[in-house]
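The following note sets out some points on the ligand site and on one sheet of the structure. Kindly read the points alongside the sequence and the model.

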Amino acid sequence: MTIDSQSHSVVYMDHAATTPVRPEVMDAMLPYFSEEFGNPSSLYGSAEVSRNAVEQARERVAEVLNCRPSEIVFTSGGTESDNAAIKGGASAREARHVITSAIEHAAVLHSCEQLEQAGWQSTYLPVNADGLIDLEALRRALSLPTGLVSAMYANNEIGAIQPIQAITEVVREAADAHGAGITFHTDAVQAAGTLSLDVAALGVDMLTLSAHKFHGPKGVGVLFIRRGIPFATQMAGGGQENDRRSGTENVPAIVGLATALELAELERESVSSQVQRLRDRLLEGIMERVSGAHANGTMDQRLPNNLNLWFEGIEAEPLLIGLDMAGIAASSQSACSSASLEPSHVLTAIGLSETEAMGSLRLTLGRDTTEEDISRVIDVLPQVVADLRSMASARTGA
Ligand SMILES: Cc1ncc(COP(=O)(O)O)c(C=O)c1O
């Protein structure tokens, strides 16, 4: 997809950070800003339209997730859903031990850290070079009585896909052994659009989604909470969302989320194979033309739209600036940490050195990525890398 940014065209290769709202989604949202603006909690007739829109959106989301509408909670996005799942899920259990992985999004990691400050014990599971959780390490961690496990479905930096069903089984076995429930939450923010979100098949108790990653609006998300799973609300107030998340519902955004999710599900298989083919062409093109380029993480259990590479002798920051000047929008790590000068915790967890991690580039494709976009990146990237290398060698006199 080429976007017009301040009057020059830009190839957008950062779909893991966010995606543009689809026109169909905009159209579905528009009436709820000013025509049908009622508060869903009001009793008069005109508010019923908003109330029905929210309830229909809940049914539409439940259909995609293969769950009951009453198990869907609308939130302000992935960050809130993760916070609510971890703090609200853990505090409703007796065992004060939570388990997560070393490569989670900051919303999960920092929520676990907050629990630690409040007296919980946390275990951060290591991952292998492919970014996958070691199930034996999970079993060992579960020997301690545990209230909650949170493992992301797909990673936002390297696209590694965790074996969620296998993790569910291990968690269930441990719950049986301890004779106490353990809540299993997955952050599926990056999975939406390319992987199945069928919570019955996945077996998870809680699942997080964020609309802006699948061509919906920003600032709205979902937390699926399986019926019967204990949950302590983290947002006190008027008791909306069945007492699980107070606050007047963001009606247009909720309608937009449901529309975007339905469309994403409808196109999931075709978009997955399309982006995978383009991603593979991109990888091949880069490998052919850039010496000292290395792919980070496995190419097998990986999101079809994700590519993450490091380049010998290159730092990500000037690389991103060079790409930006040449009209390519990419990133080095997750959007919320890209301003950080620290190496990515995900890349170091899979075994990269600090220097390798600091030289890594993430390119993420979307349903709107074209052959021309790929050709442009394959043309531009080798030149940017070559220029940076020659500048570096001129500096060192090498
Ligand atoms: C894996 C993952 N979890 C959570 C989030 C946070 O979602 P939001 O931007 O809706 O707060 C993101 C966003 O980058 C993400 O990639």
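1. In this predicted model, a polar backbone atom of G78 lies 2.8 Å from an oxygen atom of the ligand. Helix 4, which spans residues 78-91, supplies three residues to the shell around the ligand, the largest share.

2. Two side chains also approach the ligand through N or O atoms. For S210, the distance from such an atom to a ligand oxygen is 2.6 Å; for K213, the corresponding distance is 2.5 Å. Of the 390 Å² of accessible area that the ligand has on its own, 89% is covered by the protein.

3. Which residues of the shell are closest to the ligand? They are T79, D187, Q190, S210 and K213, in a surrounding set of 13 residues. By character, the shell comprises eight polar, three charged and two nonpolar residues.

4. Turning to the sheet, three strands are arranged in the order 10-11-13, forming an open sheet with antiparallel pairing. Strand 10 (293-295) and strand 13 (360-364) are the edge strands, each pairing on one side only. From one strand to the next, the twist averages 30 degrees.

5. Strand 11 (residues 306-311) and strand 13 run antiparallel and are joined by five bridges. Within this pair, L361 in strand 13 stands opposite L309.

6. Helix 11, covering residues 268-289, packs on the sheet and touches strand 10, strand 11 and strand 13. The direction of helix 11 makes about 10 degrees with that of strand 11.

Technical notes: Residues are numbered from 1 along each chain as its sequence is written. This is a predicted model: local features need pLDDT of at least 70, side-chain atom pairs count only at pLDDT 80 or more; totals for chains, interfaces and linings use all residues. Side-chain values use heavy atoms; hydrogens and water are left out. Two strands pair if DSSP finds at least two bridges between them. Helices (H or I, at least four residues) and strands (E, at least two) are DSSP runs, numbered from the N terminus. Axes are lines fitted to C-alpha atoms, for helices over the stretch in contact, and angles run from 0 to 180 degrees between N-to-C directions. Contact means heavy atoms within 4.5 Å. A residue is near a molecule or strand if one of its heavy atoms lies within 4 Å of it. A polar contact is a pair of N or O atoms within 3.5 Å; within protein, one must be able to donate a hydrogen and the other to accept it, and residues adjacent in sequence count only if both atoms are side-chain atoms. Accessible areas come from the Shrake-Rupley method with a 1.4 Å probe; for residues, only the protein chains shown count as cover. Ala, Val, Leu, Ile, Met, Phe, Trp, Tyr, Cys and Pro count as nonpolar, Asp, Glu, Lys and Arg as charged, and the others, Gly among them, as polar.
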